[in-house]
Amino acid sequence: MILFLSIVTLVSGLAYLWLAVYKDRQLWKLLLKPGTMIWIILLAVVGVVKEPGSYGWLILIGLLFSLVGDFFLMLPWGRFIQGLFSFFCAHLCYVAAFFLEMKKNSGGIGITLALILLSGVVFYFLRSGIQEEGGRRLQWAVIAYILVISLMVWSAWFTGSSWIFAGALLFYLSDAILGWNRFVHPFPRGDFGVMSTYFAAQYLLALSVGI
């Protein structure tokens, strides 16, 4: 079942990148973005059934919050703050899950300093665009989001799981590209980078349930 869902997720994700991003077909974007996430959620459900426990349920709830965030961001008139809040809640679920799995892991000071520096650099470049688009309200919302996703990566490091840490890093990268595209200057085909890393991140986090 895991192999089947992994293959279907891959096919759905590639179809999204081709039909929705490259071909820019709005209908396929509306169908395949949540569609790919549903396959990923089903993968987590299989993991929860196999290994019931708080970790799996928290990851599953985080994936559901992410799906809600996807719907907000896909709306034609845009609901960026609502989408941001949904993903903020998703990351809180992931952080809670990772804290349950935390172990002693070397390099704690290094990862902490790296994330503090990286978060500061990311916000420095995004700040003027955020201020221009949404003022102080959006600025504080983005600061809170950067803090929670940084905490998510930090806690993922201490699980000692390569799957979890890779998923957390890919999520951070996806959001960094999205933020740059929205508030600084769009990368050529930047949506490819956003969505490929996003789907890969969520897939790895779902896969971590029950393996």
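Colleague: What relative accessibility does arginine 182 have?
Modeller: Three classes apply. Buried means under 20% relative accessible area, exposed means over 50%, and partly exposed lies in between (1.4 Å probe, protein chains only). Arginine 182 counts as partly exposed because its relative accessibility is 41%.

Colleague: What kind of model is this?
Modeller: Residues are numbered from 1 along each chain as its sequence is written, and side-chain values use heavy atoms, with hydrogens and water left out. Local features need pLDDT of at least 70, side-chain atom pairs count only at pLDDT 80 or more, and totals for chains, interfaces and linings use all residues, in what is a predicted model.

Colleague: With which residue does arginine 182 form a salt bridge?
Modeller: A salt bridge puts a side-chain nitrogen of Lys or Arg within 4 Å of a carboxyl oxygen of Asp or Glu. Here the closest N and O atoms are 2.7 Å apart, and the partner of arginine 182 is glutamate 133.

Colleague: How many residues apart are arginine 182 and glutamate 133?
Modeller: Helices are DSSP runs of H or I, at least four residues, numbered from the N terminus. Arginine 182 sits in helix α6 (residues 162-183) and glutamate 133 in helix α5. The pair links distant parts of the chain, and the separation is 49 residues.

Colleague: Which residue meets lysine 33 in a salt bridge?
Modeller: The N to O distance is 3.8 Å. Lysine 33 belongs to helix α2, and its partner, 37 residues apart, to helix α3 (residues 54-74). Both residues are buried. That partner is aspartate 70.

Colleague: Is serine 174 buried or exposed?
Modeller: Serine 174 lies in helix α6. Leaving aside neighbours within four places in sequence, it is in contact (heavy atoms within 4.5 Å) with Val194, Thr197 and Tyr198. Its relative accessibility is 2%, so serine 174 is buried.

Colleague: What accessible area does the nonpolar patch with Phe125 have?
Modeller: Phenylalanine 125 is in helix α5 (residues 108-157), and its relative accessible area is 41%. Patch residues have over 30% relative accessible area and no salt bridge; like charges are joined within 9 Å, and nonpolar side chains (Val, Leu, Ile, Met, Phe, Trp, Tyr) within 5 Å. Accessible areas come from the Shrake-Rupley method with a 1.4 Å probe; for residues, only the protein chains shown count as cover. Leu117, Val121, Tyr124, Phe125 and Val184 together have about 480 Å².

Colleague: What phi does aspartate 24 take?
Modeller: Helix α1 covers residues 2-22. Aspartate 24 comes just after α1. Its phi is positive, at about 55 degrees.

How values were computed. Helix = DSSP H or I, 4+ residues; strand = E, 2+ residues; numbered from the N terminus. Expected span 1.5 Å × (residues − 1).
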